[in-house]
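Reader: Before I use any of the labels attached to this structure, I would like to see the reasoning behind them. Could we go through them one at a time?

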Amino acid sequence: SDTGGASPPPRKKHRASAAEGAGEPGALAVATGLSGVAFGLDTTSPHHQTTSAIHFNRTLVHNLSGNNMQSNGAGQGQDSELSCLNSAQNGESSSAGGTHSNGLLASTNIGNSVGTNNGAGPGSGTSAASTASGSGLEVGSMKKKKRLSQADEDVIRLIGQHLHGLGLNQTVDLLMQESGCRLEHTSATKFRNHVMEGEWDKAENDLNELRALMHSPNAIVRMKFLLLQQKYLEYLEDGKVLEALQVLRGELTPLKYNTDRIHVLSGYLMCSHAEDLRAKAEWEGKGTNSRCRLLDKLQTYLPPSVMLPPRRLQTLLRQAVELQRDRCLYHNTKLDSSLDSVSLLLDHVCSRKQFPCYTQQILTEHCNEVWFCKFSNDGTKLATGSKDTTVIIWQVDPVSTTFILTTFHQLKLLRTLEGHAYGVSYLAWSPDDAYLIACGPDDCSELWLWNIQTGELRTKMSQSHEDSLTSVAWNPDGKRFVTGGQRGQFYQCDLDGNLLDSWEGVRVQCLWCLGDGRTVLASDTHQRIRGYNFEDLTDRNIVQEDHPIMSFTVSKNGRLALLNVATQGVHLWDLQDRVLVRKYQGVTQGFYTIHSCFGGHNEDFIASGSEENCSNMDS
């Protein structure tokens, strides 16, 4: 270009000279390609050393731009070219194939080349682009940005919201700038800022701008009510009673919305101090926390195109983790909604080896058949009843043992309870695990109530020698229990064995007390489960089977019942909807009494015995 009208050399020859570093005075070439960028510096300049080929990333560009590149005529054209390269920091695609400051590789435009005249001084009036054009270097056209799909835009917004919550605001700005997306509507951004700053009048004005963007016109009234409620409470906390009263009378009441809540808010005027106000209103007080909670409530009224629901990405990830857990056949851990306890990099899979499928310990202290066993409610003790007339209480060793990749706890004998003349066929722990009731077989008219702490017999109950007390259930208050048998006895008693109520003519096979403290479920000889209320002496039919119900158990939430049905196996019933949910196959169930149970941390499994010398488990 210095010679005036000389035609540019061929492109292939120009690249070769750049690679060899044998550039003419004042010539600087920047070429993009797969291998990066090569510089050929002026060998005649005393201020620059000869460099054959330098592969560099953005960091090198920064270092070069900091040197004294202006001296000896290396003027503004070169600085202009470096600043263009540096502009990749602002979200533009770097043609140099370098590395962004966040560690991600910049996009590479293969085949594009940019040249500049190193000798162009400040007065030449030519930009880097025009200089490259004048020197005959080919300038590749930038590719058009790929149009993002709606799904891509949604993902970018979700990531942006998450990064914003982490405080990485500059990263969010860069992401939105480079993608061409918008995190939220500008009116929503103003509204958010005004709410967080407590500028309630401006926030109300923002609602007018958001009105046209909302699907429901009534949502504006609800949002305004929430804003004014926060404003009212903050005035009260600051001791500005007159201002708070003005908000209540002049702003909240005219809305004619949720008058019951307004009456409650008016009562807060009587609070003597801020602590009393926060306690009665169940409010965190003026500040960031309460305003964030307010904003979460307000966001529910705005369309997601205007403002994303709060913590939307975390919600989606949590739902995905929960779905994988639900589909995991052997999953058996406590419910945990936190994402900190799982890895998002791998799918959730539980191994069968982590599931309790192996015999860990054999208890041999009984000298005859074991008819019943039951863990305490807190899981620290096990009670076993036997035909040998004894009950053994076992203590769960808190020190765990590992066997075949499974961690478990050993059982140690705590004490033996003796004197059950007919043997022990049923056991029931009190809700606080302080007491244990033992029942005998069909011909037993007695039951024993033991104090587990002391090992002493508190009550030995028998109403009549003709009774058959084969089943028992505790009331949730722990002060009463119900018992009965197949000879038509059905009693409610206190801890001393005193008879409180009775129901005549009910031949009881199995009993269970629901959590409401009033309803007692009893299976009888009519192949059904009925609910009995001892307070108003009413009863109703809940489950009806076609075959005898030998035993049943109820889930902790009182919703599901697991029935062992003679010759039919195990049936799962929904007690609330009164429908049969599922039948479990594989259990040989005749007319022996087999007790099934719910198991697992979340009661996702059931376990049942079988008359074919096997135990069965299902989910």
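Reader: Why is Arg480 called partly exposed?

Author: The model is a predicted one, and in it Arg480 has a relative accessible area of 23%. Buried means under 20% and exposed means over 50%, with partly exposed in between. Arg480, at 23%, therefore counts as partly exposed.

Reader: Where does Arg480 lie, and which residues does Arg480 touch?

Author: Arg480 lies in strand E12, residues 480–484. Leaving aside residues up to four places away in sequence, Arg480 touches Trp474, Asn475, Gln492, Cys493, Leu500 and Gly517. The C-alpha atoms of Arg480 and Asp494 are separated by 4.5 Å, with the two residues 14 apart along the chain.

Reader: What makes the link between the side chains of Arg480 and Asp477 a polar contact?

Author: The side chains of Arg480 and Asp477 are joined at 3.1 Å. The cut-off is a pair of N or O atoms within 3.5 Å, one able to donate a hydrogen and the other to accept it. The pair at 3.1 Å therefore counts as a polar contact.

Reader: How many cavities does a search of the whole structure find, and what volume has the largest?

Author: The search finds 3 cavities of 30 Å³ or more. The largest has a volume of about 80 Å³. Its lining has 13 residues, of which Asn475, Arg480, Gln492, Gly517 and Arg518 are the closest to the centre. E12 and E16 are the elements that give two or more residues to this lining. By type, the lining of the largest cavity divides into 6 nonpolar, 4 polar and 3 charged residues.

Reader: Why is strand E16 described as largely enclosed by the rest of the structure?

Author: Strand E16 covers residues 519–524, and 6 of the 6 are buried, so the strand is largely enclosed by the rest of the structure. Thr519, Leu521 and Ser523 point one way from E16, while Val520, Ala522 and Asp524 point the other way. All of these residues are buried.

Reader: How do you know that E16 pairs with strand E15 and with strand E17?

Author: Two strands pair if at least two bridges are found between them. E15, residues 508–513, is joined to E16 by 5 bridges, and E16 is joined to E17, residues 528–533, by 5 bridges. Both counts therefore satisfy the cut-off. E15 and E16 run antiparallel, as do E16 and E17. Cys513 stands opposite Val520 in E16, and Leu521 stands opposite Gly531 in E17.

Reader: Which residues have a positive phi in the two hairpins?

Author: In the hairpin of E15 and E16, with 5 residues between the strands, Gly517 takes a positive phi near 80°. The hairpin of E16 and E17 has 3 residues between its strands, and Gln527 in that turn has a positive phi of about 60°.

Reader: Why does Glu184 count as buried?

Author: Glu184 has 11% relative accessibility. The cut-off for buried is under 20%, so Glu184 falls in that class. Glu184 is placed in the loop between helix H6 (169–179) and helix H7 (186–197). A polar contact of 2.8 Å joins the side chains of Glu184 and Arg192. Beyond residues up to four places away in sequence, Glu184 touches Arg157, Thr189, Arg192, Val306 and Met307.

Reader: What share of the protein chain is buried?

Author: Buried residues make up 41% of the 619 residues in the protein chain. The chain has 14 helices and 25 strands.

Definitions and conventions: Residues are numbered from 1 along each chain as its sequence is written. This is a predicted model: local features need pLDDT of at least 70, side-chain atom pairs count only at pLDDT 80 or more; totals for chains, interfaces and linings use all residues. Side-chain values use heavy atoms; hydrogens and water are left out. Buried means under 20% relative accessible area, exposed over 50%, partly exposed in between (1.4 Å probe, protein chains only). Helices (H or I, at least four residues) and strands (E, at least two) are DSSP runs, numbered from the N terminus. Contact means heavy atoms within 4.5 Å. On a 1 Å grid over the protein atoms alone, a cavity is a set of points where a 1.4 Å probe fits but cannot get out, and a pocket is an open set with protein on both sides within 12 Å along at least five of seven lines; lining residues have an atom within 4 Å of a point. Grid points are joined across faces, edges and corners, and a volume is the space filled by probe spheres set on the points. Ala, Val, Leu, Ile, Met, Phe, Trp, Tyr, Cys and Pro count as nonpolar, Asp, Glu, Lys and Arg as charged, and the others, Gly among them, as polar.
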